[in-house]
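Reader: Can you walk me through this model? Short answers are fine.

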Amino acid sequence: MKLEHVNLTVRDPKATAAVLCDLFDWTVRWEGESIHGGYSVHVGEAESYLALYAPPVDIQNAENSYYRAGGLNHVGIVVRDLDMIEARVKAAGFVPTSHADYEPGKRFYFDGPDDVEYEVISYA
C-alpha cells in the first residue's frame with residue numbers, strides 16, 4: 001500500500017500549483033471543475049500528488065490545525081538536495097524554519113501558500 005494523494009482546500013489552486021511545481025519540479029497532472037462547483041488542480045509526480053481544491057466562495061482560515069480534530073498539520077516532501085530546495089523556497093519569498101538533523105536525515109519547514117506548512121526532508 002502507498003499514499004496516493006492528499007486533497008487541500010486553497011484560495012487559488014493554479015497559483016499554488018505553480019509555486020509547488022517551481023519548488024519541487026512537479027507537474028500538473030490534471031485540472032478542471034470539481035465537486036460543489038469548485039475547481040481543482042492535481043500537482044505532483046506519476047505515483048502521488050496533492051489535489052488543490054478551491055470552492056466557488058471565499059474561504060477563511062480556521063483555528064490552529066494542531067488543536068482541531070482532523071486538522072492538517074503539515075505536508076512532508078522528500079527531496080534529494082535539501083540545500084537546493086531551501087534556496088528555491090527562499091527565492092520564492094518563503095522563510096525556512098525549524099532546521100534539524102535527525103536519524104536518518106535532515107529537514108526544515110516553511111509556510112507556503114494559504115499558510116499550509118511543508119516539511120522538506122532529505123535522507124541523502
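**Hairpins, sheets and salt bridges**

Author: S6 connects to S7 by a hairpin of 2 residues. Helices (H or I, at least four residues) and strands (E, at least two) are DSSP runs, numbered from the N terminus. This is a predicted model, where local features need pLDDT of at least 70 and side-chain atom pairs count only at pLDDT 80 or more, while totals for chains, interfaces and linings use all residues. Residues are numbered from 1 along each chain as its sequence is written, and side-chain values use heavy atoms, with hydrogens and water left out.

Reader: What is the average pLDDT of the protein chain?

Author: The average is 92, and 93% of the residues score at least 70. pLDDT is the predictor's confidence in each residue, from 0 to 100.

Reader: Which elements have the lowest and highest mean pLDDT?

Author: S1 is lowest, at 92. Helix H2 (residues 82–91) is highest, at 98. As a general caution, where pLDDT is low, the predicted coordinates should not be read in detail.

Reader: Back to S6 and S7. How many bridges pair them?

Author: Strand S6 (residues 97–102) and strand S7 (residues 105–111) pair over 4 bridges, in the antiparallel sense. Two strands pair if DSSP finds at least two bridges between them. Tyrosine 102 has glycine 105 of S7 as its bridge partner.

Reader: And S7 with strand S8, how many bridges there?

Author: S7 pairs with strand S8 (residues 117–122) over 6 bridges, again antiparallel. Arginine 107 sits opposite isoleucine 121 in S8. The hairpin of S7 and S8 has 5 residues between the strands, and aspartate 114 takes a positive phi near 60 degrees in that hairpin.

Reader: In what order do the strands of that open sheet run?

Author: The order is S5-S8-S7-S6, 4 strands with mixed pairing. Strand S5 (75–78) and S6 are the edge strands, each pairing on one side only. The twist averages 20 degrees from one strand to the next.

Reader: Which strands does H2 lie across?

Author: S6, S7 and S8. H2 runs at about 10 degrees to S7. Axes are lines fitted to C-alpha atoms, for helices over the stretch in contact, and angles run from 0 to 180 degrees between N-to-C directions.

Reader: Now the sheet with S1 in it. What's the strand order?

Author: S1-S4-S3-S2, an open sheet of 4 strands with mixed pairing. Strand S1 (5–9) and strand S2 (27–34) each have a single partner strand, so one side of each lacks a neighbour in the sheet. Twist there averages 20 degrees from one strand to the next.

Reader: How do S3 and S4 pair?

Author: Antiparallel, over 6 bridges, with strand S4 covering residues 49–54. Valine 41 has leucine 52 in S4 as its bridge partner. Helix H1 (residues 13–24) packs on this sheet and touches S2, S3 and S4, its direction making about 5 degrees with that of S3.

Reader: Zoom in on serine 40. Buried or exposed?

Author: Serine 40 is buried, at 4% relative accessible area. Buried means under 20%, exposed over 50%, partly exposed in between (1.4 Å probe, protein chains only). Serine 40 belongs to strand S3 (residues 38–44).

Reader: What does serine 40 contact, beyond its neighbours within four places in sequence?

Author: Trp30, Glu31, Gly32, Ser34, Leu52 and Tyr53. Contact means heavy atoms within 4.5 Å.

Reader: Switching topic. How many salt bridges?

Author: The count is 6. A salt bridge is a side-chain nitrogen of Lys or Arg within 4 Å of a carboxyl oxygen of Asp or Glu. One of them joins the side chains of arginine 11 and aspartate 114 (2.8 Å, N to O). Arginine 11 is in the loop between S1 and H1 and aspartate 114 in the loop between S7 and S8, so the pair ties together parts that are 103 residues apart in sequence. Arginine 11 is partly exposed, at 45%.

Reader: What does aspartate 25 pair with?

Author: Arginine 88, with the closest N and O atoms 3.2 Å apart. Aspartate 25 lies in the loop between H1 and S2 and arginine 88 in helix H2, so this pair ties together parts that are 63 residues apart in sequence. Aspartate 25 is exposed, at 55% relative accessible area. Arginine 88 is partly exposed, at 24%.

Reader: And arginine 107, which glutamate does it meet?

Author: Glutamate 119, in a salt bridge of 3.9 Å, N to O. Arginine 107 is in strand S7 and glutamate 119 in strand S8, 12 residues apart. Glutamate 119 is buried, at 10% relative accessible area, whereas arginine 107 is partly exposed, at 24%.
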